[in-house]
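Student: I'd like to learn how to read helix packing in a model. Could you walk me through it?

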Amino acid sequence: LGSSSSVPFTSIFSQLFMTVVVPLIIGQIVRRYIKDWLERKKPPFGAISSCVLLMIIYTTFCDTFANPNIDLDKFSLIIIVFIIFSVQMSFMFLTFLFSTRSNSSFTPADTVAIIFCSTHKSLTLGIPMLKIVFAGYEHLSLISVPLLIYHPAQILLGSLLVPTIKSWMVSRQK
């Protein structure tokens with residue numbers, strides 16, 4: 001196409017490593033030493049993580065849609081929502097088909113876990129990755145819109161499909 005670009009691979013890799021891998025390793029090491037204390041005290045980590053996730057989503061939405069350079073019209077937003085819902089449903093359907101093949105050894109409960117776990121991605125990892133990879137890019141807000149739609153779409157589709165998937169799983173287990 002006649003254009004080229006250079007990507008600071010080592011810088012991006014080191015920032016992603018420090019943002020994603022190092023906290024995970026530190027958390028696993030610390031967990032070994034305070035596991036007994038955590039089991040005795042039972043801190044409300046579920047509520048804390050939900051609040052942190054909500055804050056990340058809220059600040060990302062604010063950063064994205066407060067940006068005057070976003071230039072996203074309503075028709076484009078509707079098209080993006082439609083495409084994301086279609087992609088999400090397609091991935092869920094494909095994982096269902098592959099996990100229920102006759103030669104697969106997955107139980108119905110395994111299939112349900114595969115459907116939900118394999119297609120779900122989180123803003124908590126996606127947004128930091130976007131901010132590192134596209135640091136300084138003026139259209140970062142526009143790039144983050146699909147991820148901002150994908151996360152609520154997976155929650156909405158998951159909640160809508162739970163009754164259907166539950167009845168399928170119960171009927172297959174009998």
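Tutor: Sure. One term before we start: two residues are in contact when they have heavy atoms within 4.5 Å. Keep in mind too that this is a predicted model.

Student: Then confidence comes up early. What is the mean pLDDT of the chain, and which elements have the lowest and highest means?

Tutor: The chain averages 85, and 97% of its residues reach 70 or more. Among its elements, helix α5 (residues 123-133) has the lowest mean, 80, while helix α3 (residues 74-99) has the highest, 91.

Student: OK, on to packing. How do I describe a pair of helices?

Tutor: Two packed helices are described by the angle between their axes and the distance between those axes. Take α3 and α6: their axes come within 9 Å and cross at roughly 45°. That makes α3 oblique to α6, and the crossing is right-handed.

Student: Which residues in α3 and α6 meet?

Tutor: From α3 there are L77, I80, V81, I84, F85, Q88, M89, F91, M92 and F96. On the α6 side they meet V145, P146, I149, Y150, A153, Q154, L156, L157, L161 and W168. By class, that contact has 18 nonpolar, two polar and no charged residues.

Student: Is there a general idea behind the spacing in lists like those?

Tutor: Yes. An α-helix has 3.6 residues a turn, so residues three or four places apart point the same way. In α3, you can try that on L77, I80 and I84, which are among the contact residues.

Student: At what angle do α4 and α6 cross?

Tutor: The axes of helix α4 (residues 108-119) and α6 cross at roughly 170° and come within 10 Å. That makes α4 roughly antiparallel to α6. The α4 residues in the contact include V112, I115 and F116, and those of α6 include G158, V162 and I165. Its residues divide into ten nonpolar, five polar and one charged.

Student: And how do α2 and α6 cross?

Tutor: Helix α2 (residues 45-65) and helix α6 (residues 140-173) have axes that come within 10 Å and cross at roughly 140°. That makes α2 oblique to α6, and this crossing is left-handed. Among the α2 residues that meet α6 are L53, I57 and F61; the α6 residues include S141, S144 and L148. Here the classes are six nonpolar, five polar and one charged.

Student: Last one: where is the kink in α1 centred?

Tutor: On I34, with a bend of about 65° in helix α1 (residues 9-41). After α1 comes K42, which has a positive phi near 45°.

Key. Residues numbered from 1 in each chain as written. Predicted model: local features only at pLDDT ≥ 70, side-chain atom pairs only at ≥ 80, totals over all residues. Heavy atoms only, no water. Axes fitted to C-alpha atoms, helices over the stretch in contact; angles between N-to-C directions. Helix = DSSP H or I, 4+ residues; strand = E, 2+ residues; numbered from the N terminus. Parallel < 35°, antiparallel > 145°, perpendicular 65-115°, else oblique. Left-handed = near helix turned anticlockwise from the far one by under 90°. Nonpolar A, V, L, I, M, F, W, Y, C, P; charged D, E, K, R; others polar. Bend = angle between axes of the 7 residues up to and from the residue. pLDDT = per-residue confidence, 0-100.
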